[in-house]
Amino acid sequence: MTRRIAALDLGTNTFHLIIADVSNSKIQRIVAADQKHVKLGEGGINTGTITADAFNRGLDAIADFSIAIQENNVDTVHAVGTAALRSASNGLDFLQNVKEKTGIQIEIITGDREASLIYQGVKEAIDFTENSLIMDIGGGSVEFIFANKKGIQWKKSYPIGAAKLMATFHRSDPISNEDIQAILKHLDEMLSDLLRFSRMFKPKILIGSAGAFETFAALCQLKFNGNPSEITRSFLFNISHLELILSEIFKSNHQERKDNPAIISVRTDMIVTASVLSQYIISKLEIESVLLSAYALKEGLLLDQTY
């Protein structure tokens with residue numbers, strides 16, 4: 001039986017909507033998709049609050065989504081909130097306001113469940129050939145999943161999202177070596193267990209799920225192919241090209257990034273700390289191959305069987 005499902009991934013930076021026809025645990029057809037760059041964590045990510053402006057941007061975005069849901073005769077709505085809503089003292093107020101205004105019930109999920117849903121989405125786009133590390137860089141958190149074609153080997157969510165790192169460490173423009181070193185020291189402290197498990201699972205493939213990796217792919221295409229093209233499922237990076245792009249991001253200033261057509265506005269500054277984190281993982285884990293999965297949490301929600 002085919003069901004039309006709407007999946008809402010309400011992240012720290014971006015709210016995503018995807019509506020699709022699903023049957024036999026497969027996405028048969030994507031009916032509609034939208035995203036709103038609400039920056040829910042802006043101004044409050046390190047104090048655990050959603051500011052009034054961000055609160056209203058979030059409500060407006062979901063009101064728009066609810067119109068699309070009604071117009072497309074959706075059977076089921078799956079809506080989840082992640083890091084910003086998990087940590088905000090007024091997160092439950094936001095959920096209540098959304099329920100009253102749109103009728104949409106949002107579930108705040110744990111980082112562990114978020115990682116499981118990301119894996120479900122990624123495996124729909126990527127054929128696992130060997131042990132891999134999935135990395136999903138959000139604004140508030142980053143999910144790491146060691147996985148292969150048999151399933152998840154180990155997973156964990158860390159509160160080191162790009163917006164969080166930016167608010168804490170990015171103090172100069174372009175980012176200074178001192179700021180970069182402070183981030184790297186923080187990552188050494190936060191990711192000690194990840195590095196330990198990496199020695200056990202020995203992943204040679206890094207799979208970046210959507211988000212910042214979409215920007216990295218667009219930048220690589222622009223620099224080396226002349227023009228970015230749409231990526232519907234996956235993209236294999238030339239790793240030397242990727243590392244050059246990351247180093248150029250480190251050296252860039254705000255205006256240069258703002259003027260770059262491959263960098264969407266919500267990532268103008270957060271792409272810097274996302275780049276530091278990505279380079280750290282590639283180097284520390286001696287990654288040999290990097291892939292982008294265009295499928296992530298929202299596609300995992302469409303396929304999730306627990307609803």
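Me: A polar contact is a pair of N or O atoms within 3.5 Å; within protein, one must be able to donate a hydrogen and the other to accept it, and residues adjacent in sequence count only if both atoms are side-chain atoms. With that in hand, how far from a polar atom of the side chain of Arg233 is the backbone oxygen of Glu124?

Reply: This is a predicted model, where local features need pLDDT of at least 70, side-chain atom pairs count only at pLDDT 80 or more, and totals for chains, interfaces and linings use all residues. Residues are numbered from 1 along each chain as its sequence is written, and side-chain values use heavy atoms, leaving out hydrogens and water. The backbone oxygen of Glu124 and a polar atom of the Arg233 side chain are separated by 2.3 Å.

Me: OK, and where does Arg233 lie?

Reply: Helices (H or I, at least four residues) and strands (E, at least two) are DSSP runs, numbered from the N terminus. Arg233 belongs to neither kind here, since its place comes after helix 8 (212–224) and ahead of strand 10 (234–236), in the loop between helix 8 and strand 10.

Me: Is Arg233 buried or exposed, or something in between?

Reply: Buried means under 20% relative accessible area, exposed over 50%, partly exposed in between (1.4 Å probe, protein chains only). For Arg233 the relative accessible area is 36%. That makes Arg233 partly exposed.

Me: Which residues does Arg233 touch, leaving aside its neighbours within four places in sequence?

Reply: Contact means heavy atoms within 4.5 Å. Glu124, whose backbone oxygen we just met, is one of the partners of Arg233. The full set is Glu124, Ala125, Leu292, Ser293, Ala294 and Tyr295.

Me: Tyr295 is on that list, so how far apart are the C-alpha atoms of Arg233 and Tyr295?

Reply: Along the chain, Arg233 and Tyr295 are 62 residues apart. In space, their C-alpha atoms are separated by 6.4 Å.

Me: Let's hop to Gln120. Which residue joins its side chain to that of Gln120 in a polar contact of 3.1 Å?

Reply: Gln120 sits in helix 4 (residues 111–125). Not counting residues up to four places away in sequence, Gln120 touches Gly300, Leu303 and Asp304. The side chain in the 3.1 Å polar contact is that of Asp304.

Me: What about backbone oddities: which peptide bond is cis, with omega near 0°?

Reply: Most residues other than glycine have a negative phi, and most peptide bonds are trans. Look at the loop between helix 5 and helix 6 (177–190), where you'll find Pro174. The cis bond, with omega near 0°, runs from Asp173 to Pro174.

Me: And what phi does Ser25 have?

Reply: Ser25 lies in the loop between strand 2 (15–23) and strand 3 (26–36). With a relative accessible area of 41%, Ser25 is partly exposed. Although Ser25 is not a glycine, its phi is positive, at about 55°.

Me: Glu286 isn't a glycine either, yet has a positive phi. What is its relative accessible area?

Reply: The phi of Glu286 is about 55°. Glu286 is in the loop between helix 11 (270–284) and strand 11 (289–293). Glu286 counts as exposed because its relative accessible area is 54%.
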